[in-house]
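I wanted to go through the ligand site and the empty spaces of this model and write down what I found. The notes below follow the order in which I looked things up.

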Amino acid sequence: MPTFKTVRGMRDLLPDDADMLTFVMGKARETASLYGYREVITPVIEPYELLSAKSGEEIRQRMFTFKDMGNRTVGLRPEFTSSIARLATTALKTEPKPIRTFSVGSVYRYDEPQRGRYREFFQSDFELIGTSNTEADAEIILLTDRLMRAVGLRNYAFKLGHVGVIRGILSEENVDEKTQNAVLQRMDKKEFDEAFKLIKNNECLSTLRGSLELKTDDVFQTAERIKSHVEGYCKAAESADELKSLLTLLTEGGCPVKSVEPAFARGLEYYTGMIFEVYIPELDIALGGGGRYDKLIELFGGESTPATGVAHGLDRIMLAMQMQNAAPMKERKKRVAVVPVTEALKGEALKVSQLLREAGILVELEVMGRKMNRALEDADRRKVDYAVIVGERELKHNAVVLRNLAKREQNVVEISRLSKTIMS
Ligand code: AMP
């Protein structure tokens, strides 16, 4: 038989990494519950049509798709928002608004594998459905800020933009939606020349080019400059105003934004309003990103329903934690190895183990049938705190031998006092 490897772009998370992922997921769940987002669990496999409807060319091309045995064209979800939008038009259709959902799990994209870029990765996703108010956008950014803090990250910064600025200019110049999407997609990749080649109208072109020059270090000033730059483009100017109100709310909420990018675009096609990403200085890839998508639910056959949301890249958050030494202090449970002196005492050893576990102590029972010395050596190697030696002589007095492996001391302890002694 050949030795098997993981498929390219897929990873095994070994115990330390799995622990870390569980920790980050836990913090995401905690954030969800503090902000009133209820968890929903949706399928990994969804109809291709749903996943491709509005995710954008970039993601469409990178989707894992196949025909199932019933000849349905399906895909592995590349993100959560489409599934949640589906729910908003079906099972959650009559829920009173706002609806706040939280999801966490694996998503799949055929990206080129590299550091922080995998084909199977984990996201936590928060969606706030049913309002177009700016405070909803602020909430999505604030809860992201909370998650970053909760996992111990420092110096992270938010980058903010509004797709309505560029789309506003393009729409008023009668650039059709398909071309708009193509322009934004290229701008997302910073391929500005390629993006501008798609535009024929000169005035529109010079406004767009000019928008690249508007950024200053002061975010409010940048928003103000965008506003004056797009004067005459009604929708674009409205977008600039929204950006300003959002900046004000975020500053009041204690989450100042580091940069406002006039030409900021994101890969996903469904965004209609503010968009944002969060970064740390040590990594040039985003740890999370989101934005407002007011048309998606309607496109899926629901009523016109504004919505906003965010997806956090949990693998990248883990990477960031490692780079900033923000690894969680593990709550260290006392670890105990239970070793029977003879074969015949296996059952007694099992009983003692159960008793200790009931008291919340981590117990590794000797299951290799090793002699006492070998079993103790192994316990030492594994950095176990105590060995509990279950022997005939002590059992007669309802007791066992408790050996402190670090101190190399041992005492006979009554079983009834065993867990208390270990915990003390
Ligand atoms: P998106 O759904 O494209 O807005 O992505 C949200 C977040 O998911 C990004 O900010 C990244 O942190 C993360 N992400 C996106 N693609 C990948 C990938 N291929 N591998 C790991 N994380 C990713």
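Entry 1, ligand contacts. I started with the polar contacts of the ligand in this predicted model. A polar backbone atom of Y118 sits 2.9 Å from a nitrogen atom of the ligand. I then looked up G116, where a backbone N or O atom is 3.5 Å from a ligand nitrogen atom. On the oxygen side I noted A286, with a backbone N or O atom 2.8 Å from an oxygen atom of the ligand. On its own the ligand has 490 Å² of accessible area, and the protein covers 93% of that.

Entry 2, the shell. I listed the residues around the ligand and got 16. R109, D111, Y118, R266 and A286 are the closest of them. Y118 and A286 therefore turn up twice in my notes, because a residue enters the shell when one of its heavy atoms lies within 4 Å of the ligand. By class I have six nonpolar, five polar and five charged residues in the shell. Three elements, strand 6, strand 10 and strand 11, each give at least two residues to it.

Entry 3, the space around the ligand. Which pocket does the ligand take up? I found that it takes the space of the largest pocket. I put the volume of this pocket at about 1000 Å³. Its lining runs to 47 residues, and those nearest the centre are R109, R117, R266, E277 and R316. For elements that give two or more residues to this lining, I wrote down helix 3 (57-61), helix 7 (177-188) and helix 13 (314-323), along with strand 6 (120-129), strand 9 (274-279), strand 10 (288-292) and strand 11 (307-313). Strand 11 contributes the most, five residues. I sorted the lining of the largest pocket into 18 nonpolar, 18 charged and eleven polar residues.

Entry 4, the second largest pocket. I next looked up its volume, which is about 640 Å³. I counted 29 lining residues here, with G164, R167, T272, G273 and K295 closest to the centre. The elements that supply two or more residues to this lining are helix 5 (134-150), helix 6 (163-172), helix 7, helix 11 (234-252) and helix 12 (296-299). Helix 11 gives the most, with six residues. The classes for the second largest pocket are eleven charged, eleven polar and seven nonpolar.

Entry 5, closed space. How many cavities of 30 Å³ or more are there? I get one. The volume of the largest cavity is about 70 Å³. Its lining consists of V163, R167, N181, L184, Q185, A265, R266, G267, L268, E269 and Y271. Helix 6 and helix 7 each provide at least two of the lining residues, and helix 7 has the largest share, three residues. I classed the cavity lining as five nonpolar, three polar and three charged.

Entry 6, cross-check. I went back over the lists for residues that recur. R266 lines the largest cavity, and R266 is also among the residues closest to the ligand. R167 lines the largest cavity as well, and R167 is one of the residues closest to the centre of the second largest pocket. Helix 7 gives residues to the linings of the largest pocket, the second largest pocket and the largest cavity.

Key. Residues are numbered from 1 along each chain as its sequence is written. This is a predicted model: local features need pLDDT of at least 70, side-chain atom pairs count only at pLDDT 80 or more; totals for chains, interfaces and linings use all residues. Side-chain values use heavy atoms; hydrogens and water are left out. On a 1 Å grid over the protein atoms alone, a cavity is a set of points where a 1.4 Å probe fits but cannot get out, and a pocket is an open set with protein on both sides within 12 Å along at least five of seven lines; lining residues have an atom within 4 Å of a point. Grid points are joined across faces, edges and corners, and a volume is the space filled by probe spheres set on the points. Helices (H or I, at least four residues) and strands (E, at least two) are DSSP runs, numbered from the N terminus. Ala, Val, Leu, Ile, Met, Phe, Trp, Tyr, Cys and Pro count as nonpolar, Asp, Glu, Lys and Arg as charged, and the others, Gly among them, as polar. A polar contact is a pair of N or O atoms within 3.5 Å; within protein, one must be able to donate a hydrogen and the other to accept it, and residues adjacent in sequence count only if both atoms are side-chain atoms. Accessible areas come from the Shrake-Rupley method with a 1.4 Å probe; for residues, only the protein chains shown count as cover. A molecule sits in a cavity or pocket if more than half of its atoms lie within 2 Å of its grid points.
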